[in-house]
Amino acid sequence: MKTLCLLGATGSIGQSTLKLVDQHPDRFRITALSAHTQVDALIDLCRRYRPMHACIADTNQFAALRDGLSAAGLSTTPLAGADSLEAMAADDSANTVVAAIVGAAGVASTLSAARAGKRILLANKESIVLAGQLLMETVAAHGAQLFPVDSEHNAIFQCLPSGGGRDGVRRLILTASGGPFLGKTRAELAAVTPEQACRHPKWSMGRKISVDSATLMNKGLEVIEAHHLFGMPAEAIEVVVHPQSIVHSMVDYRDGSVLAQMGEPDMRTAIAYGLSYPERIDTGVKALDFRTLAALAFQSPDGETFPCLGLAYRAIGRGGNAPAVLNAANEIAVMAFLEGRLPFLGIADIVGEVLETVHWEPAADLSVLMASDAEARRCAIQRIH
Ligand SMILES: NC(=O)c1ccc[n+]([C@@H]2O[C@H](COP(=O)([O-])OP(=O)(O)OC[C@H]3O[C@@H](n4cnc5c(N)ncnc54)[C@H](OP(=O)(O)O)[C@@H]3O)[C@@H](O)[C@H]2O)c1
């Protein structure tokens, strides 16, 4: 029986994880759940899954959580705040932590799970973008296991040799759907709205990652993620646009073989792989029907219209705190865009400017990275207002 601490239970990945738990009650049991502000939704989930702990990250909502759990007659322990999230991620009641918080807010709890030697299903890509080296070292030092949930990295994980050797690998090829604005010019993107940016043609996701997909920053973050997860240099990580989102990513071997992982675009496949590894379980995702599939197309990304991808490669090249700065500036810019305070094209402008402004430092420890994250946020906010 896998016991699960689900961080970010009210989000898109959280909900997909719960669908798998519902399908396999004999294999998975929820012992801890978290949300940020959606306290009523969290209480509803506690009614359904009866976890030992529930944490609301926004401390202002603690009383509402405590009273709601008590009114429902549940023995679930109410918790609140970032420290409690970290403690919950390390608690003995779960052997598996699903890290599905969005943004840099998820870093500390992911690291806490790693220090506690958990099996970690990593959806929170910002953890590895911001603190990649530190996270990989912590995982290794404490015998934790990391299963990438991002569909691209999950695909690569499935296509690499199971022993983890990289000798025969020539390139990792990350596929990108291209997002809702594939084929558009910069002029056409000047006035696009958050609703248009969040209308992803293939994947149903949270709003932040949907905007990241539209700017191609999502792919940039994924290049950084792949660099750390698989120990490959940026030059050996290529991005190709594949609008059908059927090939989730590929590994190109020296001998000329290319292994690809394919499937319907549904996150339950990647989550299930991490949940049940090394076994395969039913997910409810429909089988690919090759007789009705349209042609699979591949093309180069348009770096001029979507400069965020290039900015991410620049951040990897600089190393140190640069990926943390890139990520923080992007989070602020995306939020400003979603709130109607920044045009779509302004996102890349802000990220580029902040990357050039914040002092470079080596990624010595989490406090350096969090200080860089805070400085980048301040710098981005100043530029937007
Ligand atoms: N969705 C996908 O298909 C997909 C695919 C690949 C990777 N990912 C990655 O998975 C992560 C989650 O994405 P998502 O699409 O599921 O996001 P989402 O739908 O926006 O859900 C985010 C979750 O995190 C919680 N949260 C937000 N801010 C928080 C904070 N400051 N402290 C603690 N918890 C916080 C939210 O709680 P409330 O509901 O209370 O706000 C919610 O439970 C992201 O890193 C994303 O890049 C997602």
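## Exercises on burial and packing

Of the 385 residues in the protein, 49% are buried (20 or more other C-beta atoms lie within 10 Å of the residue's own, with C-beta atoms placed from the backbone). The model is predicted, so that local features need pLDDT of at least 70 and side-chain atom pairs count only at pLDDT 80 or more, while totals for chains, interfaces and linings use all residues. Residues are numbered from 1 along each chain as its sequence is written.

**Exercise 1.** Find the extent of the largest nonpolar core and the helix that gives the most to it.

*Solution.* Begin with the term: a nonpolar core is a set of buried Ala, Val, Leu, Ile, Met, Phe, Trp, Tyr and Cys residues joined through C-beta atoms within 7 Å. The largest such core has 119 residues, and among those with the most contacts inside it are Leu42, Ala99 and Val351. Helix H14 (residues 322-338) then proves to give the most, with 11 residues; helices are DSSP runs of H or I with at least four residues, and strands are runs of E with at least two.

**Exercise 2.** Determine which residues of helix H4 are buried and how they are arranged about its axis.

*Solution.* In H4 (residues 82-90), the buried residues are Ser84, Leu85, Met88 and Ala89. Seen down the helix axis, these residues fall within an arc of 140° (taken from the directions from the axis to the C-beta atoms), so they line one face of H4. Finally, the elements covering them include strand S1 (2-7), strand S5 (96-99) and helix H5 (107-115).

Terms used. A residue is buried if 20 or more other C-beta atoms lie within 10 Å of its own, exposed if 12 or fewer, and partly exposed in between; C-beta atoms are placed from the backbone. Two residues are in contact if their C-beta atoms, placed from the backbone, lie within 7 Å.
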